[in-house]
Amino acid sequence: MDEKKVMLSGIQPSGDLHLGNYLGAIKNWVERTEEFDNYYFMADMHTITVRQTPADLRRRTLEQLALYIACGLDPEKNTLFIQSHVPQHAELGWVLQCYTMFGELSRMTQFKDKSAKHQDNINAGLFAYPSLMAADILLYQPDFIPVGEDQKQHCELTRDIAQRFNHVYGDVFKIPEPYIPKTGARVMSLNAPDSKMSKSIPEGCIFMMEKPEDIQRKFKRAITDSDSENCVRFDPATKPGVANLMSIYAAITGKSYPEIEAEFAGCGYGKFKPAVGDAVVECLRPIREEATRILADKAYLENVYKTGAEKASYVANKTLRKVYKKIGFVAR
């Protein structure tokens, strides 16, 4: 039997998980459970490049893990862990900083964006975190990294670092390929449809643990378009708000855009927006209820993240020992 290809991904617990995380990433992860040997983690070490409230960070980390499981990521079939529980991430992160060029880091788009937003806290971690991200990936010798458009730059840097290291020391790291999912909705903000759905625009963001009445309120206030047509038609160029709502509805119901247009022909936005809200509420309801149940079972959740960290550490340590030997560190 052929070994499964290895896939790895993580999300920062810097904010509550939202509909964009689910439809754009986690839903796809669940569908890949049987196909790949998967490692999914809470990237809490990356989160502290921006100041966090400690209690909130702890809550969000555990809530994120509970939501992963509630969405269908079976801990028996996927390795789920908290990044800071696997010390090899930090250890390899430092080594790879020494093989990452200053110019490469200074060109990172996300560093420029975050520096502009947090001018009072442009710290070394914020600058060098792509090296830690490369360590996150390369530790597990993955074949693929699922990436969105906004992560392509980091994936390319990871490959450059791995190739640079391999050129000096031989084939230490597998060079991972970017994995662009064939499906997966690109969910935009409900009140700013030219921007991705983000926790930084809370009124345009649907959080996975949000109350149904709050979800409905946000959909009823969602931006459609300024023309007088009041017609449900998929046209991202002239009707980005309507197109975004249609893409959300399509991702949840499985209906095509022509089917959605036919369903709401002659109805206008007054009926369409609450219908999308209803679909989202019913999609998230069982996930929210299951996550709430899991969070109440602290012993189970602790067992999941400890077991996951043990497995991740075992795999990561094999890579780290090889790296340490190659660069000349004395064996422990």
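In the predicted model, Asn 38 is in contact with Met 7, Arg 32, Thr 33, Asn 78 and Thr 79, when neighbours within four places in sequence are left aside. Asn 38 belongs to strand S2, which covers residues 36–42. The relative accessible area of Asn 38 is 0%, so the residue is classed as buried. With Asn 78 there is also a polar contact, formed between the side chain of Asn 38 and the side chain of Asn 78 at 3.3 Å.

Asp 37 takes part in a salt bridge with Lys 311, and the closest N and O atoms of this pair are 3.9 Å apart. The bridge joins distant parts of the chain, since Asp 37 is in strand S2 whereas Lys 311 is in helix H13 (residues 298–327), 274 residues apart. Both partners fall in the intermediate class of accessibility: Asp 37 is partly exposed at a relative accessible area of 24%, and Lys 311 is partly exposed at 39%.

A salt bridge also connects the side chains of Glu 91 and Arg 332, with an N to O distance of 2.4 Å. Glu 91 is part of helix H4 (residues 88–97) and Arg 332 is in the segment after H13; the pair therefore ties together parts that are 241 residues apart in sequence. The two side chains fall in separate accessibility classes. Glu 91 has a relative accessibility of 22% and so counts as partly exposed, while Arg 332, with a relative accessible area of 78%, is exposed.

Arg 159 and Glu 177 form a further salt bridge, in which the closest N and O atoms are 3.5 Å apart. Here the linked parts of the chain are helix H8 (residues 152–169), which holds Arg 159, and strand S5 (residues 177–179), which holds Glu 177; the two residues are 18 residues apart. Arg 159 counts as partly exposed at 21% relative accessibility. Glu 177 is likewise partly exposed, with a relative accessible area of 38%. A network of salt bridges links Lys 5, Asp 143 and Lys 174. The count of salt bridges in the model comes to 17.

Aromatic rings give a count of 18 pairs. Among them, Phe 102 and Phe 127 form a tilted pair, with 4.9 Å centre to centre and 45° between the planes. This pair links distant parts of the chain, with Phe 102 in helix H5 (residues 102–106) and Phe 127 in helix H7 (residues 124–138), 25 residues apart. The two rings have opposite assignments of accessibility. Phe 102 counts as exposed at 63% relative accessibility, whereas Phe 127 counts as buried at 15%.

The ring centres of Phe 165 and Tyr 169 are 4.6 Å apart and the planes stand at 40°, so this pair is tilted. Phe 165 and Tyr 169 are about one helical turn from each other, because they are four residues apart in helix H8. Phe 165 is buried, with a relative accessible area of 0%. Ring pairs also join Tyr 39, Phe 41, Phe 81 and Tyr 140 into a cluster.

Helix H12 comprises 28 residues (residues 269–296), for which a span of 40 Å is expected at 1.5 Å a residue. The C-alpha atoms at the ends of H12 are 39 Å apart, which agrees with the expected span. A bend of about 35° is found in H12 at Leu 284. A proline, Pro 286, follows Leu 284 within four residues.

Ser 313 is located in helix H13, the helix that also holds Lys 311. At a relative accessibility of 17%, Ser 313 counts as buried, because the class extends to values under 20%. Not counting residues up to four places away in sequence, Ser 313 touches His 85, Val 86, Pro 87 and Gln 88.

Terms used:
Residues numbered from 1 in each chain as written. Predicted model: local features only at pLDDT ≥ 70, side-chain atom pairs only at ≥ 80, totals over all residues. Heavy atoms only, no water. Buried < 20%, exposed > 50% of the residue type's maximum accessible area, 1.4 Å probe, protein only. Polar contact = N/O pair within 3.5 Å; in protein donor to acceptor, adjacent residues only side chain to side chain. Contact = heavy atoms within 4.5 Å. Salt bridge = Lys/Arg side-chain N within 4 Å of Asp/Glu carboxyl O. Expected span 1.5 Å × (residues − 1). Bend = angle between axes of the 7 residues up to and from the residue. Phe/Tyr/Trp six-rings, centres within 6.5 Å; stacked < 30°, edge-to-face > 60°.
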